[in-house]
Each structure stands twice: as C-alpha cells, then as structure tokens.
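Reader: Hi! I'd love some help finding my way around this structure. Could we go through it step by step?

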Amino acid sequence: MKKSDSGIAKYLLIGISFLFIILMLILPLITVITEAFRNGWEAYKEAVSDEYTVKATLLTLEATFFAVLFNTIFGLFAAWAVTKFRFRGKKILTTLIDIPVTLSPIIAGLIFVLTFGRQSAIYPYLKQWDIDIVFAVPGIVLATIFVTFPFISRELIPVLETQGTDEEEAAALMGEKWFGIFRKVTFPHIKWAFLYGIVLCTARAMGEFGAVSVLSGHLRGKTNTLPLHVEILFNEFKYVPAFAVSSILVLIAIVILVIRSIIEYIGKRNGEDVR
Amino acid sequence: MKKIISSVLAFTLAAAVLLTACGSSDRSDGKNNDSGKVTITNVSYDPTRELYAAYNEIFAKHWKETKGQDVEITQSHGGSGKQALEVANGLEADVVTLALEYDVNAVRDAGLIEDGWVKEFDKDSSPYTSTIVFLVRKGNPKDIHDWDDIVKDGVGIITPNPKTSGGARWNYLAAWAFAQKQYGNDEEQIKDFMKKLFANVLVLDSGARGATTTFVENGQGDVLLAWENEAFLSIQDHPDEYEIITPSISILAQPSVAIVDSVVDERGTREVATEYLNYLYSDEAQRLAGQNFYRPSNPDILNEFADTFDLNLDLVTIDDFGGWDEAQQKHFSDGGIFDQIYEE
Amino acid sequence: MKRSGKRVIPGFGLSMGVTLTMVSLIVVIPLASLVVFTAKLSPKDIWETITRERVLASFQVSFLTAFIASLINAVMGVILAWVLVRYDFPLKRLLDGLIELPFAMPTAVAGIALTSLTSDKGLIGKFFSRFGIKIAYTRIGITVALVFIGIPFVVRAVQPVLEKLDPSYEEAAGSMGASRARIFRSVILPEILPAAMTGFGLAFGRCLGEYGSVVFIAGNKPFETEITPLIIMSELQEYDYASASAISLVILAAAFLILFFVNLIQSRNSKILGR
C-alpha cells in the first residue's frame, strides 16, 4: 500500500505535519530546554538534584503509577462492558466516563476538597479513623486518577466498536470463559490501542497540575509533585530552575516513548501487523 | 443483577482498603511529644521562601538553645488566597504567614483562628512590611516618576489582576490612595483616574509572578506595578536592565502572621508556634527580613537599611480604607468598583 | 435489561459492576457535591451569577477559542494520524513520539514557553508582528495555547482505527477507478469519523476548562481575553464557592451535551456500518 501512495499528496501531507509539529511542539520544547540551560550546566545540575526536586519526582512517579494502574483496570472493564453488551443508558455512561477530561482542573480539585475536606459531612469520620485524603498523598492520587479517568477506555472503545462482537460470541458458544475470551480473542485486537492509552494516561498523569494543585497543600518535600514544584520555583522568581525541573518531565516522557517504541518493535518483529 | 451488586460491593471495599492503606502509610508527622523533636507547618505565600528558609534555620538554633529541643518546620508556599482556602479546608498549618489580613480572616471565618488575632503580635501581627513601587526599563524612557505619569496616553502598564491576586489588591489601593490625595473625596474623579489607569493596562496576569514574567522576560509594557521586595528580586536578576521608581505616595503592604488556634491546640504545639512568630521580631530576624528586601517593622533596624529603601515615602495603610473587610466589599467583590471600571 | 437472553458473551455482571462502581466513586459522587454547592444559591441568584455581562463575555471567549482550536486539531489530527500510519519517512518515530508531549509538560510551563515565543519580542511573534498580527495577549494567543493542549486527543483516537483499517478496500476502489478524494470521502472517512469526533469532543471539553497555560498567554483583560476558568478562579479567591460552582456547572453542562452528542453520532455510525 505504501508504494501505491505516490506523489504530491504524500509529500504535501508529510510537509504539513512537520510544519505543524515544529511550530506547535518542537519550538516550545526548544524554548524549555534553552531556558533550562541558560545559566549553564552546573546550575542545571544543582536545580535537578535539589533534595526537594528528587522528592517531587518520586511523588510524581508514585501518583502516576497508581493512576495508570487504576485506570487500566477500569479501562479494560469499561470498554468490555460498553462494547460487548447492549443495555439502556449506555450513552449516558460513556459520557459520564468522559466528563473528567472536560471539567476544569481547578473545579476537579475543588470538588474533592468539598467532598473530603473539613467542610464535608464525612470529614469527622475520616479524622476519627486517621485517614488523610485532602492535602496528603491519597488526595493527589485521587485527583490524578480523576483527570486521566477516560484515557484508556477511550482508546479501547472505538477499536472494539469497529471490531464487533462476532468472534467473542463464537468463542463463548464454544464454551470459553470470559477471561479466556478476553485473553485469546479480544486482547490481540486492542493491544496497540491499549498501549496508546497507557502512554497517554501516563503522560497526562505526570503533567497534571490544576487539580493536584488544589488538593496538595504544597507541603514541601511531602505533597509537592513535579509540576507543583515547577510552579513554586517560578513563583519564587527562580525562572531558570523552574524550566530545569520541567525538563525532567520532558525526559521521563521521552523514556516512555522509547519504551513504547521497543514494545512496538518487538511486536513487529514477531510478525504481527502493527501498522 | 445480583452479580452486579456483589461486584459493586467487592469493589467499593477494595477501593476503601486501598485508600486507607495509602492514607495511613503517609501519616509521617503524627503527634508531637514533649521530648525529642517537634514539627510545625508554616503555610505561607509565594515569594517568602528564601526568607523562611533562612529564618527556619536561625529559629531552630534559638529553640534548641532555649528549650533544648529540635524543631523541624515544613514549609508550604502558594498564592496567598489559595493557601488560606486550603487551611480553611483542612490543611494542618500551625502558623500562617500570608500576604494580607483578609486572607487570614478567611481562615478565622472557617473557625480555625480566634477573633482578635491581629492584636496577638506586635505591629498588627506584621513583623515585616513592603510597599508598592514601579519597575521601569533602564534609563526610564517614558519619564515615569509618579502615579499621574502612568495614566498618560501611550504608557503600557503591567499589573496582576486584583480579582485573582491578593498582592495586586495592594497595587490597586495604592493608586487609589494617590488619586484620593489628588482629588480629595470626589469619588467620581478618583474612579475616572482608576479607569484611565486600567485602560493603560496591557496584560492583567493572574499572579504577581506572571506579571513580572510578562514585563521582564517577554518585554511587554513600560511599567510594572510590583511589591518592593519582588522589584528588588528582578533588579538582582537583571541589574542593568531595570530601575525602581518610588512614587510620592504608596500603601504600606502588611503581610500578616497568625497562629492557627485549633490546630496548635490539637497538636500541642502552641508554645513553639507562638515563639516561632514572636522570634520574627528579634533583631536577628528583622535584619534577615531586610536582607530579603522586606521592610523590617522595627524602626531602628529599618534605618539600618536606609540605603536600600526609600524611607521618605508617604505611606497610607489599609485602615485608611476602613480595614480589609470593607475594602474588599467596596472594591473587589462582584459588581464592586473594580468591576465597574471595566463594565461601564 | 430485558434483552439479557441475547447475551452470549459472559462477564456482563462483573464488568458492569466494576465500571459502575468506579464511575460513581470517581465521577458521580464528586459531581453531586458540585451540584449541592450550587444549590446553596436560589435559582434567581444562579441566573444572575451566570448572566453577568462579564461572565457572558467570558463564555463567548472560551467557547469560540475552544471551538476553533479543536477544529484545527481535528483536521490536523486526522492528517497526522494518516501520515503516521500510512507513510514511511525519516524522523517518523520522533514525530510520533512527540504527540504526547503536551500532556506531559505542565500546563504552566507550556503557557510560559508559548508566550515567550509568540509575544512581539519572540521568535514567532516577531515574524507575525511585521504583518501587524499580534498573537500573545489576544484571542489568537488563547487559541494557540488550546491547540497545543489538545493535540494528542484526535491523533491518538484516529490512529488505532486507521491501523486496523484494511487497505484492501481502498485498493479495490482505486483499481475500479475511483479518484483519491472519492476514496477518502466514501471509504476512509466514514471509518475514522467517529474516532475523530470523539477526539474533537474531548479536546473541546478539555479546552473549555483549561486554565494553567491560557492565563499566561491570554492577557486576561475583561471582555476581551478573559476566559471562564479565570472567572471561576476569581470567585474562589473571594471564597465564593457557590458562584464558582454555578459558573462551572454551565461549562460542565455544555461539555456534557457535546460529548453526549458525539457519542450518539458514534453509535449511530457504527450501526450504519452494519456493526
């Protein structure tokens, strides 16, 4: 098929894509990197190896891990439920799943503060059991789960929808249990979409700022994630270190990209039709 | 249907267990004992980090010498109004050190701080102060010396938005104070002046730091209305590019400190928290404030910094506006004068 | 739920149960508290809050810029996905990997970087200011920031569908003499349209609520470049939860309707396609 696509259209489309990506993504990226190194390598090293930067990185990784784990489980079940069965209220359900993306992150944070914070009805009980949610790590995890909620299911649903249910029905009639059907029939179809979903979810979870910022309390070394740490540095007139710390996020994103490419490469080598 | 219900139950349980698990494992502070180490949390606003990083060290030394106990201070910095909101919603702060009295009042209104906190420490609980000045480009090309120069045609002003930035409310009130001196109590003329001023505003950033970036890094506008300490920080970063201009009249910006009564009583930290704020008035801490470009509230120490600060400046205070609650209501609430400036 | 006799595939109870629990815990309960807080105002107060001139002006700014930005992203997203799936060219992996970058970069950093590029002193801004076009501190600037924020949505929604799409249809149509444009319109577009619409809907919703990056580039002048999330933020600064919730409910309702509509189209489309 690649050979049949010839000529002007191909190069025009590739050209447009490159122009768009260079203007919208690469230039901002270069800006971040040059700002990060404006005061030289030593200053950069100092900024990223700062005790609080390291703690913030660990916390970000922790929150991202839990958010991706939770949303993976949710995404698989939700995509299965939505595409393999007919039931009433399906559209409302899928729309509800999408809602967290569209809610202003500030409001997202606020509603968790209102639900679990000091003004809420359940606060005394949480207090009694010594459970901290807002202004502690669980709140940050919760906010991260919220903003990335639909990412994995949203990747899976369109693919599963195009694929239909015939194969699963056949397998079920042959007496397969649901997990067997999922593993042998469904999963091979969705694995690449699944990978996209995880990468999207991870990226968004790492970079989330608004909702986490409302819920975190900004306790230095305790509840500061990387994006929050960036904001604080910025607000403290530490312009260059702020960019240096953001470059850590860019770096993690690149690592994730490399991992994804490796997975795709192995998949391809094993003779599967990836693209 | 039964299956749905049972899996719902199982999952709720699992989720609850998970939350509890990560909830309890992260309770690092716990309760304080009399012996050993004590920890307190200081919830502050943005540009005070360096001040408190240095102050926490000298305070820890002081506490160790007088009480023989180690003290560890957890810092939290953020927008002043947002920080107050978080404390009101359950962020466990032993002390708050915020940008303005109004924000501390919000914590009081949530029932966490007792009435009369303003009189609990010296100088209306403001151990250090600042004021509003102009930051202009080197050589002052637009010849700006006072408030009436910045409302002239062709002058671009950068200031944060008083609606979203607590600090920017001081900017607004400082300009108002000048107009009041100029036009007496003719409110229409004052409003006209303010309208002209905001017509010259090119960018209304959401916070003080954003406004500085717009002015310094992105080169917008001719004059930045800024807190004096922040203006000094910009000069420090770019010594050859900017100048500070002190207007004839400005406002005494009083950041407020207070003990969060209900938290210290619960955690048993009232003594150390009180001493923490009291010691801010010591000579050593006052000098530290001066070195960080805050005006020390102790007049003797302030005079030691006469080279840095313009001490002949005519300063009004928030009391000239009837206190924060009244000023907030009149100027910055929905439909208040600030809204009218834009809406009419 | 009468049709359960038709359900051959197992796992309905489990997957529905998990999905519903998670949706209610993460989405429904927090949203309910938003409604509860809004309900503290009388209907008349709510109406007055959301119809204040300044709020209405901000709705106009937010909806307009979000719509244009998502439209740009929908077109560019389809082109990018097509180029990435169908063509081979140098640096393709790099292009592919950069797509998630907007998610990983904290929004504030993105806003600051874009502003410094597009202000009249910046690299891109200088070029455009020669033609008298200002980008930063205008609605164009807001749109640029929103395009940045929304890039991954459409690309990553369309890409998996395109990968699963069998090129033999196109080849068959091509060998029967159909023009390239016609093949795209009648064979490819119907397949990827639902996914593109989903991406558009999510991007639109996300843009409506975006705060972190926009406040830096917008200029935030009332009636001109003041976005609704900024108004919500100022209500919060005044400790006015009720007004903040009321205004955010408007945005939320709009987002819900758009997504619901998109989901409707999507399921109708898959029916037309006989699936």
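Reader: What distance separates the centres of domain 1 of chain B and domain 2 of chain B?

Author: Taken over C-alpha atoms, those two centres are 27 Å apart. The contact between them takes 19 residues from domain 1 of chain B and 17 residues from domain 2 of chain B. Two residues are in contact if their C-beta atoms, placed from the backbone, lie within 7 Å. Before we go on, this is a predicted model: local features need pLDDT of at least 70, side-chain atom pairs count only at pLDDT 80 or more, and totals for chains, interfaces and linings use all residues. Residues are numbered from 1 along each chain as its sequence is written, while chains are lettered from A and ligands numbered from 1 in the order in which they are written.

Reader: Thanks! Where do the domains of chain B start and end?

Author: Domain 1 covers 37-126 + 254-304, and domain 2 covers 129-253 + 313-343. These bounds come from an automatic or database domain assignment.

Reader: And which helix gives the largest share of the side of domain 1 that touches domain 2 in chain B?

Author: That is H4(B), with four residues. Helix H3 (80-88) and helix H4 (101-109) of chain B each supply at least two residues of that side. Helices (H or I, at least four residues) and strands (E, at least two) are DSSP runs, numbered from the N terminus.

Reader: New topic: what is the mean pLDDT of chain B?

Author: The mean is 87, and 90% of the residues of chain B reach 70 or more. pLDDT is the predictor's confidence in each residue, from 0 to 100. Over residues 23-33 of chain B, though, it is below 50. Beyond near neighbours in sequence, that stretch has 20 contacts in the model.

Reader: Okay, helix H8 of chain B next. Which of its residues are buried?

Author: Ile190(B), Phe193(B), Met194(B), Leu197(B) and Phe198(B) are. They cover an arc of only 130° around the axis (by the directions from the helix axis to the C-beta atoms), so they sit on the same side of H8(B). A residue is buried if 20 or more other C-beta atoms lie within 10 Å of its own, exposed if 12 or fewer, and partly exposed in between, with C-beta atoms placed from the backbone.

Reader: Why would residues three or four places apart point the same way?

Author: Because an α-helix has 3.6 residues a turn.

Reader: Nice! What do the buried residues of H8(B) pack against?

Author: Their partners in chain B are helix H6 (147-150), strand E5 (157-160), helix H7 (166-183), strand E6 (201-205) and helix H16 (337-343). The face turned away from the buried side carries the exposed residues Glu188(B) and Ala199(B).

Reader: What about strand E7 of chain B: how many of its residues are buried?

Author: Five of the five, so E7(B) (residues 223-227) is largely enclosed by the rest of the structure. Five bridges join it to strand E4 (residues 128-137) of chain B, and those two run antiparallel. E5(B) and E7(B) run parallel, joined by two bridges.

Reader: Which residue of E7(B) is the bridge partner of Ile158(B)?

Author: Leu224(B). Leu135(B) also stands opposite Leu224(B).

Reader: Last one: how many helices and strands are there in chain A?

Author: Chain A has 13 helices and zero strands. Of its 275 residues, 57% count as buried.

Methods:
Pairing = 2+ DSSP bridges.
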